[in-house]
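Student: Before we discuss terminology, may I see the model to which it is applied?
Tutor: Certainly; here are the sequence and the structure.

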Amino acid sequence: MKNGQIWQDTDGNDIQAHGGCIIKHGDTYYWYGEHKGGDNKIARFVTGQEVSRVDVIGVACYTSKDLLNWKYEGLVLESEKEDIASPIHTSQVLERPKVIYNEKNNNFVLWMHIDRPDYSYAGVGIAVSDSPLGPFKFLRAKVPNKQDSRDMTVFKDKDGTAYLFHSSNRNKTMNIARLTDDYTDVDGSFSSVLVDQEREAPALFYHEGMYYMVTSGCTSWDPNAALFAICPHVVGKWKLIDNPCEGKYARQTFFGQSSYIFEAEGKFYLMLDHWKPDNLKKSGYSILPIEITSDNCLIIPWQDEWLGI
Ligand code: GAL
């Protein structure tokens, strides 16, 4: 699969799983992402700036054993077509879906960015399913801890506690909000990190005593330089270090933007979206291996092809 391009599933159709995540359950990898298979439209941010969008179709799921051949499993959460008051009505925004497994309840919890077309709501949506293949039941949309929330991810710590990482304070600051035991809500405890650093698109992992967070700058669909931050605790004094990308177009994150970091067979991989603002459904993907140095630096060189594991 050529990195930076749109990929095809095992039926030969374009993979529609943007802003997504890959999790492993049993011996299967599940890739969830936003189905952007509709026509491009123009919306306007609260600031007046024009932005391209597609109507919400839903969250798509693909499965694979080798991270290379992806079988389409359908929409695990579908947009609402009739009720215009629904937070997941087609006219709204549903981005960056992330799924975590809850051991206590043996179910799967899906978090996503929920917004109005002008991005003035700035909240999250939560849905649950007993099966990784859905269907997910949409529980609610909310503004977590009354803090605006745009780009986001969820991260499960090694002790089973899960956190919502979300760009807040109009994308100036990253908030870390602890989730309840069942992962379906925030529990009220949160802290603000990377204050005034204007980072978004958070992607996280933990390795040998250190937490790592890769983020992008805030330039809508346009690429910018990624940065990684480190912290010895999941909630603590996160410190921005450097751009992990190396080589040609490193300053543009190879024309991509972080969506998720997953682990496969002891190695960590960064997923990128390569947005095509003029035709969002053709936005591409990359999966790039992450090197971790002994002094806690990340190095991510470009690779032309993703060959799976
Ligand atoms: C980006 C963000 C995307 C999407 C886009 C809309 O900054 O990372 O997830 O929200 O803006 O313009």
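**Cysteines and the ligand site**

Student: Why is Cys61 called buried?
Tutor: Buried means under 20% relative accessible area (1.4 Å probe, protein chains only); Cys61 counts as buried because its relative accessibility is 0%. The model is predicted, so local features need pLDDT of at least 70 and side-chain atom pairs count only at pLDDT 80 or more, whereas totals for chains, interfaces and linings use all residues. Residues are numbered from 1 along each chain as its sequence is written, and side-chain values use heavy atoms, with hydrogens and water left out.

Student: How do you know that Cys61 is in no disulfide?
Tutor: A disulfide is a pair of cysteine sulfur atoms within 2.5 Å. The structure holds 0 disulfides; for Cys61, the nearest cysteine sulfur is that of Cys21, 9.0 Å away.

Student: What makes Cys231 count as buried?
Tutor: Cys231 counts as buried because its relative accessibility is 1%. Cys231 is in no disulfide either, the nearest cysteine sulfur, that of Cys297, being 15 Å away.

Student: How do you know that Asp151 makes a polar contact with the ligand?
Tutor: A polar contact is a pair of N or O atoms within 3.5 Å. A side-chain N or O atom of Asp151 is 2.5 Å from a ligand oxygen atom, which meets that limit. For Glu200 the corresponding distance is 2.4 Å, and for a polar side-chain atom of Arg96 it is 3.0 Å.

Definitions and conventions: Buried means under 20% relative accessible area, exposed over 50%, partly exposed in between (1.4 Å probe, protein chains only). A polar contact is a pair of N or O atoms within 3.5 Å; within protein, one must be able to donate a hydrogen and the other to accept it, and residues adjacent in sequence count only if both atoms are side-chain atoms.
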